[in-house]
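Trainee: I would like us to take a close look at a single part of this model, and then to follow it outward into its surroundings.

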Number of protein chains: 2
Amino acid sequence: VPQSFGDRLARQVAKRSSQLVLGLDPDPMRLWPRATELAAARAGGHPVSSAARAARAVSAHCELAMDAAGEHCVAVKLQVACFERLGPPGWAALWEVCDRARERELLVIADAKRGDVAITAAAYAQAFLGETPTPFGTVAGLGADALTVNPLLGQDSLLALVETARQRGRGLFVLVRTSNPGAADVQALALAEGGTVSERLAAMVAELGSGCVGAAGLADVGAVVGATAPAALEILRQAMPCSVFLLPGVGAQGGRVEDLAPAFAPGPAAGLIAVSRGIVDAYERTGMDPALAAEREAARLRELAWKLA
Amino acid sequence: VPQSFGDRLARQVAKRSSQLVLGLDPDPMRLWPRATELAAARAGGHPVSSAARAARAVSAHCELAMDAAGEHCVAVKLQVACFERLGPPGWAALWEVCDRARERELLVIADAKRGDVAITAAAYAQAFLGETPTPFGTVAGLGADALTVNPLLGQDSLLALVETARQRGRGLFVLVRTSNPGAADVQALALAEGGTVSERLAAMVAELGSGCVGAAGLADVGAVVGATAPAALEILRQAMPCSVFLLPGVGAQGGRVEDLAPAFAPGPAAGLIAVSRGIVDAYERTGMDPALAAEREAARLRELAWKLA
């Protein structure tokens, strides 16, 4: 039996003294200039498609960002949509970036927000966390350490994902309260039974995670809770006492690290602060070299968060 | 300006006298035997990875299924998870199957159930419905005619998808009431304001779709409504009078075509019956040749549905 995700994460957080997650949401039109140069050099003059060239540049960009800011982080969060839009070469770049993250001893969170009926959820579990049996041999999936998932289809839609994750010491982050302005449209709806949709989802997360709480006191089923809704944080922490919170929305979306203390109540690894544009695009605000600006901003955020825990 | 999705669909339904959608959810361990043979023959003895061989077989399987049952259908619904689990070659197979469907004049519904914050939703729109600008030229997306999407993140998360779909005469199917047993866990929750989560989602769908109702009276924002919940069908039809309903769950999941009449109230193209295993695995129940069994079952379901409309 592999070590549980909660314990793996707690060890990683302790080792790196960090709860910062580097978000990688590469936009081909906003890559670091050095990435575009590197990709051109690696192509070596061979004719390749626009998609393949863009995918190479995206991969180089992510590698440069990890080289710059990775030492301050426990994990990378790969925004799968940004790779998917480049088609098959983009999907290959996603795999490549995942390998590069592992070489740097960073955990990989696949931010894919998948959710479907049980038989399809099992296929997504194979794609991201497990492997697929075929008549031609077993095909390995992406091998992410954790996956973000959407619970709108209910508990049975999550069980196949939990099963695969648990068998392999991987984790899930279930959407409970997202960081976007429209989050309230559905998630904040008040229920006739009392509470909100988010609170109902939180109860589901707590129940699913109760089957695997590690020595560090953390479950393998966590929650996505936007840093943009600090008022909801305390209530959701009470509802999910053992769940790791993945906290997006700091920086570009307006969330502040200083407001996130309730997330860390169960311990330093109980909250992961995911910052994408705030780190990768820091150079646009400062005029510094992209790598240097990213390194400094990551160091600053890491320290700010570590003081809270 | 391209023709609206509602009008494109209405024309296709009229042309084919069918509302049947062939669902393709290929499991590499349950492919038609002929697909595995074809894939081996096409490989031609060159050494290729397990993933590439499985992806070839999956692609061949989908092509054979379309050849067998496609003439009775208006569209194919490609279950993206089943391709994703084969990694980059699986993603290439998805693109290939999409091309094969277009050659057969079948509309393509990408069943991906994507949903994310606005900036990421825009990336998914590029991936499935649009294209992505890059410094190396524009990269075309999958080019699906419609995409299934998850509304848990609220209206702003759907707007970027609606915008891209509308510009290009494509459609969306928003999850409103899914076909799985756990659907009730979240979607059927009663709200303090009255109604259920599903009904709230239905109101959102009706509002989003009101911006583009074609000459045939159908909007470009439709809804996924499981054929397994016929009791909900009438209420949801009233709430979404112009939306096309994508109706999964007939066959393997227990839904019956005979119960779906309310879906077709606005007209013959207002409901699409998506059947996957019921058609593709029909040979397992009958002992016939897979293609013949699929053809007969598709013909039967098409006729059954056409009588309702």
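Trainee: Which strands of chain B does helix α10 (residues 230–239) lie across, and at about what angle does the helix run to β9(B)?

Mentor: Bearing in mind that this is a predicted model, helix α10 of chain B, residues 230–239, lies across β7 (171–177), β8 (221–225) and β9 (245–247) of chain B, and its direction makes an angle of about 160° with β9(B). Those strands belong to a barrel of chain B, which eight strands close in the order β1-β2-β3-β6-β7-β8-β9-β10 with parallel pairing. From one strand to the next, the twist averages 30°.

Elsewhere in that barrel, strand β3 (residues 107–114) of chain B runs parallel to strand β6 (residues 146–149) of chain B, and three bridges join the two. One residue to follow here is B:R114, whose bridge partner in β6(B) is B:V149. The side chain of B:R114 also meets that of A:E84 in a salt bridge, with 2.8 Å from N to O, and four salt bridges are counted between chain B and chain A. As background, side chains of opposite charge can pair when their charged atoms come close.

This leads from the barrel of chain B to its contact with chain A, where 69 residues of chain B are in contact with 69 residues of chain A. The area buried between the two chains is about 5700 Å², and carbon and sulfur atoms give 66% of that area. On the side of chain B, the residues that lose the most area to chain A are B:R85, B:F136 and B:L152, which together account for 14% of what that side buries. Polar contacts are found across this interface as well, in 25 residue pairs with both residues at pLDDT 80 or more. The elements that give two or more residues to the side of chain B that touches chain A are α3 (50–69), α4 (80–84), α5 (87–103), β3, α6 (118–128), α7 (155–167), α8 (183–187) and α9 (197–209) of chain B. Of these, α6(B) gives the most, with seven residues, and by class the side of chain B that touches chain A has 37 nonpolar, 20 polar and 12 charged residues.

Turning to chain A, eight strands close into a barrel in the order β1-β2-β3-β6-β7-β8-β9-β10, again with parallel pairing, and neighbouring strands of this sheet are turned by 30° against each other on average, direction ignored. Within the barrel of chain A, two bridges join strand β8 (residues 221–225) to strand β9 (residues 245–247), which run parallel, and A:V224 stands opposite A:L246 in β9(A). Helix α3 (residues 50–69) of chain A lies across β1 (20–24) and β2 (75–79) of chain A, running at about 160° to β1(A).

A salt bridge within chain A completes the picture: the closest N and O atoms of A:K77 and A:D111 are 2.6 Å apart. Because A:K77 lies in strand β2 of chain A and A:D111 in strand β3 (residues 107–114) of chain A, the pair ties together parts that are 34 residues apart in sequence. Over all chains, the structure holds 40 salt bridges.

Key:
Residues are numbered from 1 along each chain as its sequence is written. Chains are lettered from A and ligands numbered from 1 in the order in which they are written. This is a predicted model: local features need pLDDT of at least 70, side-chain atom pairs count only at pLDDT 80 or more; totals for chains, interfaces and linings use all residues. Side-chain values use heavy atoms; hydrogens and water are left out. Two strands pair if DSSP finds at least two bridges between them. Helices (H or I, at least four residues) and strands (E, at least two) are DSSP runs, numbered from the N terminus. Axes are lines fitted to C-alpha atoms, for helices over the stretch in contact, and angles run from 0 to 180 degrees between N-to-C directions. Contact means heavy atoms within 4.5 Å. Buried area is the accessible area (1.4 Å probe) that two parts lose on being put together, summed over both. A polar contact is a pair of N or O atoms within 3.5 Å; within protein, one must be able to donate a hydrogen and the other to accept it, and residues adjacent in sequence count only if both atoms are side-chain atoms. Ala, Val, Leu, Ile, Met, Phe, Trp, Tyr, Cys and Pro count as nonpolar, Asp, Glu, Lys and Arg as charged, and the others, Gly among them, as polar.
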